[in-house]
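Please open the structure in your viewer and keep the selection tool at hand. The tour below goes from a whole chain to small groups of residues on the surface.

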Amino acid sequence: MTRRFSRFWIGAAATVVLAAMLALSGMNEYFFFAGYVVLQFVVLATAWNMLGGYAGYVNFGTAAFFGIGAYTAFALFKSLGAPLLVQFAAAAAVTGLLGFGTGLMTLRLRGIFFSIATIAVIFIAETLMMNWRYVGGAAGLPVLRPLPQAPFETYTRMLFFIMAVLAVVAVSIARYIEISWVGRGLRALRDSEEAAECSGVPTLRLKLFACTVSGALMGTAGASMPMYQSFLEPASSFSLNYSVMALAGAIIGGTSHWLGPVLGAILLTSVQQIVTVTISSEINVLVVGVLLVVFVVAAPDGILGLLGKLRRRRAAAGSPS
Amino acid sequence: MIFSFELLYEAIVFGILLGGFYAAVSLGLSVAFGLLDVPHVAHPAVMVLGAYCTYLLGTYGWDPILAGIALMPPFFLLGIALYRFYYETFEKRGSDAGVRGIAFFFGIAFIIEVSLILVFSVDQRLVEADYIGKSLTIGEMRVPLRMLVAFGVALAISASLMLYLSKTFTGRAIKAVAQDELALRLMGADPVRIKQWAFGIATAVTALAGAVLIVVGPVEPMLDRVYIGRTFCVVVLAGLGSMSGTVAAGLILGVAESIVLMHFGASWAPAVAFGLLLLVLAIRPQGLFAR
């Protein structure tokens with residue numbers, strides 16, 4: 001246990017150091033532009049998996065949390081000129097609260113009803129923002145980026161590093177949930193909510209906790225979106241694509257382990273970035289659809305499931321029988 | 001906000017017509033999700049696909065409604081294939097059909113959307129017919145003829161579905177499989193074949209709904225996203241699987257949306273369906289007209 005524990009933290013620290021070194025190196029600017037998107041989806045898929053993977057509640061509302069995070073950050077920036085860290089904290093607080101509220105309203109629903117209710121949250125949030133003139137209404141507003149902080153040469157590099165840190169934080173939280181009693185409780189209620197409740201698992205409280213934390217992480221991932229794009233408008237901020245990408249990343253990677261969403265999101269977004277550059281941006285949405293269907297049908301346990309099968313087969317072949 | 005009874009009256013009349021249209025686009029889902037419990041999130045995407053097929057036939061001079069009826073047999077087969085696939089990969093294996101089933105249909109919806117974008121580009125498409133663009137003047141009101149056509153087709157579809165489900169042998173079998181699958185199995189019937197048939201019918205009805213969709217207004221490939229909310233709202237509001245409930249729920253949504261549209265402006269209208277949906281799920285999840 002302790003060995004695995006320290007190995008994880010060494011890996012986490014190494015990731016942050018590597019991201020910092022990359023961001024300060026002379027690497028091509030496009031790498032950071034694309035890398036930011038990959039890391040953003042690592043955060044989203046990991047956050048999605050806390051509720052969707054461990055507890056089996058399919059949340060389609062990722063776009064709502066992401067968009068509200070972006071709008072919270074932008075509103076603070078526009079009104080007070082708040083620094084980036086304050087924007088992040090505020091986005092986390094607001095979307096955490098939104099997660100709690102959404103959970104309170106919808107977590108008593110099961111299966112597809114919960115999923116549809118979370119889609120509803122996206123469209124309601126989008127409509128509200130569309131009618132809020134101050135942040136640009138339906139047309140959106142350009143965002144004037146301030147100068148990047150000292151060690152970073154460009155703003156995109158800085159955001160890349162911040163997103164890397166956020167990804168490490170998200171994965172650490174997911175791992176903590178997974179190995180603690182919270183994760184055990186969530187898994188128990190995924191298998192049978194009645195049985196879990198009967199054996200004393202506080203199901204609603206656990207679900208609310210997962211919904212709040214995952215909402216806050218999704219919102220924080222969205223908070224740097226206005227700065228990254230230098231532009232903010234409702235239709236793309238609340239795009240259903242975010243919801244499907246988050247879910248696809250987790251399902252393609254495998255939902256039972258914290259590593260799954262990380263692998264899935266990296267694979268999915270890397271393929272997408274390559275396809276966008278080489279073929280067209282429409283095809284990249286097709287890639288998500290096709291990969292999602294193929295994995296759900298042929299490899300229901302995702303990449304991790306495939307790797308596990310491979311390892312078992314190799315072990316069976318290696319042992320004399 | 002200006003309030004006048006005339007405006008309200010107009011909103012209600014337009015809302016009823018709109019509601020008939022919403023009922024038409026939701027009937028397929030009412031069968032697929034309401035009766036068969038298939039989380040068919042791709043339903044609106046299939047409908048938009050139907051609208052584009054109608055558009056294609058329209059370029060050969062077909063009347064859109066006639067084209068929609070002609071599309072029903074191929075879509076019936078498509079529905080059967082889709083259900084068969086869904087059954088073999090998810091329902092048969094049994095475990096965890098929820099998460100992966102929903103993800104599967106979302107993937108299908110994405111694939112349909114992008115295929116339509118690749119073939120037809122993102123431009124809006126529309127069809128031409130004698131009844132599109134004209135309007136009837138009744139007293140002080142002008143009622144667009146295309147909405148009346150949509151309303152008529154909607155009533156025809158729902159009436160025939162209701163008759164089919166209550167009067168014919170297969171129709172009753174479909175209702176039976178929705179009520180108690182095990183009992184049906186004990187009677188010696190094959191529930192999977194009946195469900196497959198029912199899903200085919202649902203998809204055929206959706207093709208005709210697609211034709212109505214393109215009659216009511218121009219379509220674009222991503223149009224299905226707005227209708228996810230509207231169709232599920234209608235089906236849940238209706239109470240799962242109730243056809244007459246679906247019509248009533250469609251009318252409620254239509255009138256609510258039209259009143260919001262006229263009094264608060266078009267930018268608030270998309271939230272009506274979802275707001276209503278959340279309200280129903282929170283207060284009366286079994287729907288207003290539960291079976």
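What follows is a walk through a predicted model, with a suggestion at each stop of what to select.

Begin by selecting chain A as a whole and colouring it by secondary structure, where 15 helices and two strands can be found. Turn the chain slowly, and note that its C-alpha trace spans about 65 × 45 × 40 Å along the principal axes. The radius of gyration of chain A is 20 Å, which agrees with the value near 20 Å that a compact globule of 321 residues would have. Of the 321 residues in chain A, 56% are buried.

Next, select Leu259(A), Leu263(A), Leu307(A) and Leu310(A), which together make a nonpolar surface patch of about 300 Å². To see where this patch comes from, show helix H13 (259-278) and helix H15 (302-318) of chain A, each of which supplies at least two of the patch residues. Within this group, pick out Leu307(A), which lies in helix H15 of chain A; Leu307(A) counts as partly exposed because its relative accessible area is 42%, between the limits of 20% and 50%.

For the last stop, select Lys309(A), Arg312(A), Arg313(A) and Arg93(B), the residues that form a positive surface patch. Which loop of chain B holds Arg93(B)? Follow chain B to the loop between helix H3 (64-91) and helix H4 (97-120), and Arg93(B) will be found there. With a relative accessibility of 46%, Arg93(B) is also classed as partly exposed.

How values were computed
Residues numbered from 1 in each chain as written. Chains lettered and ligands numbered in written order. Predicted model: local features only at pLDDT ≥ 70, side-chain atom pairs only at ≥ 80, totals over all residues. Heavy atoms only, no water. Patch = residues over 30% accessible without salt bridge, like charges linked within 9 Å, V, L, I, M, F, W, Y side chains within 5 Å. Areas by Shrake-Rupley, 256 points an atom, 1.4 Å probe, with all protein chains shown as cover. Salt bridge = Lys/Arg side-chain N within 4 Å of Asp/Glu carboxyl O. Lys, Arg positive; Asp, Glu negative; His and termini not counted. Charge placed at Lys NZ, Arg CZ, Asp CG, Glu CD. Helix = DSSP H or I, 4+ residues; strand = E, 2+ residues; numbered from the N terminus. Buried < 20%, exposed > 50% of the residue type's maximum accessible area, 1.4 Å probe, protein only. Rg over C-alpha atoms; globule rule 2.2 N^0.38 Å.
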